[in-house]
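Biologist: Could you take me slowly through the empty spaces in this model and the helices around them? I would like to know what lines each space, and how the neighbouring helices pack.

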Amino acid sequence: MGHSFSSLPAEERPRFLASNMIHECNNPSTGGEDSLFQARIILIRSALQEGRLEEAVPIISKMIEDMDNALLNIALTGESGAGKSTFINAFRGVGHEDEDAASTGVVETTTNITFYEHPELPNVKLWDLPGIGTLHFKPESYLEQVNFSRYDFFIIISSSRFRVNDAKLAQKIREMGKKFYFVRTKVDIDLNNERRSKPRTFKEENVLQMIRNNCLQHLQKIGIEDPKVFLISSFELESYDFPKLQDELAKELPEHKRRVFFLSLPNITEDIIDQKKASIQKRIWLEALMTGTKASVPFVGVIKEDDIAQLKKRLINYQRKFGVDDASLLKISQASNKPMEEVKALIKSPHLLTVTRDESISERLLKYAEVYFSVNGGLVASGFYFRKSYYTHLHFLETVANDAKILLNLTLLSNAMI
């Protein structure tokens, strides 16, 4: 297990902290950060190595604050009927008949600027904007009318071909130094129509390529150089180009916004679940580093009632973020035609705080800590100065993330059987 922090001579402690931090910074789960994140890590490492622990605290605090307060505003625009509202609902994991769903239908439903908060992340807003060139939103004044500077990026949506006004909007967005993405929706409908009309010669990959080429050629014709078009179905986000769109969007965002972006995505692939897990794990690590630099109480095998209460809150929070809470389990139960008890039996996180008559919650939590300690090694095995519940946070996070993958595979299997 190594020496405890408190047993080391005072002059050795900064070097001990720095060596552990360097180990964790080289961990792949904390990779892919932007230059600001890396610059802050360098400052922290320098402060620890030189024994200036008090200088590291505000830097770490600022990193956590940026993570928690990051705002993400996504603008969606396009002609009426293109599928903006359906995309917004799918992205937020909200059913069309849910109370806070974006309105969908066969008539025009977006005549005003409307935003929809993510159900679990109020800092994430998707803005449903009227199409450019509509009665009250003319091309020459569109960006000013919709408050252009508010948005992190624009998604220009079409269900057929992109229009001249779409190209004009893209060019104006580019001139203003922001990102835009062309999304062609309803490809599932196109594929089904083609399959019915040409059953003998139908090949999905050929039809998708034909749709893509048509979009690219038309965008180039109306003045967009090297356009990128993402083909999606809002009813099957895991299919077609949505994973590529997700990667493209994440690549362009700064670190603190990238984290909240991944947390806002629905669990449609195991990669998204892994990205969520890595984002949350990074925050847990920063909290532990904060505690280490403040040199508070070491882990001594005692877990108090307030620790348990906080862990319960944290577990519930993880379950909601990963769609493993009771409300989500009920939806999965109904969609898969499996009893709730049967769905719950597949996963482990609902039972993390369940104890036997011969075992207390504290004893169980300490057991989780020991398991994580022995399996993961590294920073944990070195006896770093953590908050007492740190080990269990990581165990809870991994358990919930694994549960989310089990439920994802159950959902995909159920959908395939429909």
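Modeller: What follows goes through the pocket, then the cavity, then two helix contacts.

Please keep in mind throughout that this is a predicted model. Rolling a probe the size of a water molecule over the atoms shows where empty space is left. The largest pocket found in this way holds about 1,500 Å³ of space, and of the 44 residues that line this pocket, Ala90, Gly93, Val94, Pro266 and Lys331 are the closest to its centre. Several helices contribute to the lining of the largest pocket, with at least two residues each from α4 (84-92), α10, α12 (305-321), α13 (326-336) and α17 (390-417); the largest share, seven residues, is supplied by α17. In chemical character, the lining of the largest pocket divides into 19 nonpolar, 14 polar and 11 charged residues.

Turning from the open space to the enclosed one, the count comes to one cavity of 30 Å³ or more, and the volume of the largest cavity is about 100 Å³. Its lining is made up of 10 residues, and those lying nearest the centre of the cavity are Phe37, Arg40, Asp66, Glu255 and His256. Here the helices that each give at least two residues to the lining are α2 (35-49), α3 (53-69) and α10, while the lining residues of the largest cavity divide into five nonpolar, one polar and four charged.

Helix α10 supplies at least two residues to the lining of the largest pocket and at least two to that of the largest cavity, which makes its own packing worth a look. Helix α10 (residues 255-264) packs with helix α9 (residues 242-252) at an angle of about 155°, their axes being 8 Å apart. Because angles over 145 degrees count as roughly antiparallel, α9 is roughly antiparallel to α10. On the α9 side the contact is made by Gln246, Leu249 and Ala250, and on the α10 side by Arg258, Phe261 and Phe262, so that, by residue class, this contact divides into four nonpolar, one polar and one charged.

A second helix pair can be set beside that one. The axes of helix α7 (residues 187-197) and helix α8 (residues 204-221) come within 10 Å and cross at roughly 125°, and α7 and α8 are therefore oblique to each other. Their crossing is right-handed. Val187, Asp190, Leu191, Glu194 and Arg195 of α7 make the contact with Glu204, Val207, Leu208 and Ile211 of α8, and the residues of this contact divide into five nonpolar, no polar and four charged.

Conventions
Residues numbered from 1 in each chain as written. Predicted model: local features only at pLDDT ≥ 70, side-chain atom pairs only at ≥ 80, totals over all residues. Heavy atoms only, no water. Axes fitted to C-alpha atoms, helices over the stretch in contact; angles between N-to-C directions. Helix = DSSP H or I, 4+ residues; strand = E, 2+ residues; numbered from the N terminus. Parallel < 35°, antiparallel > 145°, perpendicular 65-115°, else oblique. Left-handed = near helix turned anticlockwise from the far one by under 90°. Contact = heavy atoms within 4.5 Å. 1 Å grid on protein atoms, 1.4 Å probe; cavity = no way out; pocket = protein on both sides within 12 Å on 5 of 7 lines; lining within 4 Å. Points joined across faces, edges and corners; volume = space filled by probe spheres on them.
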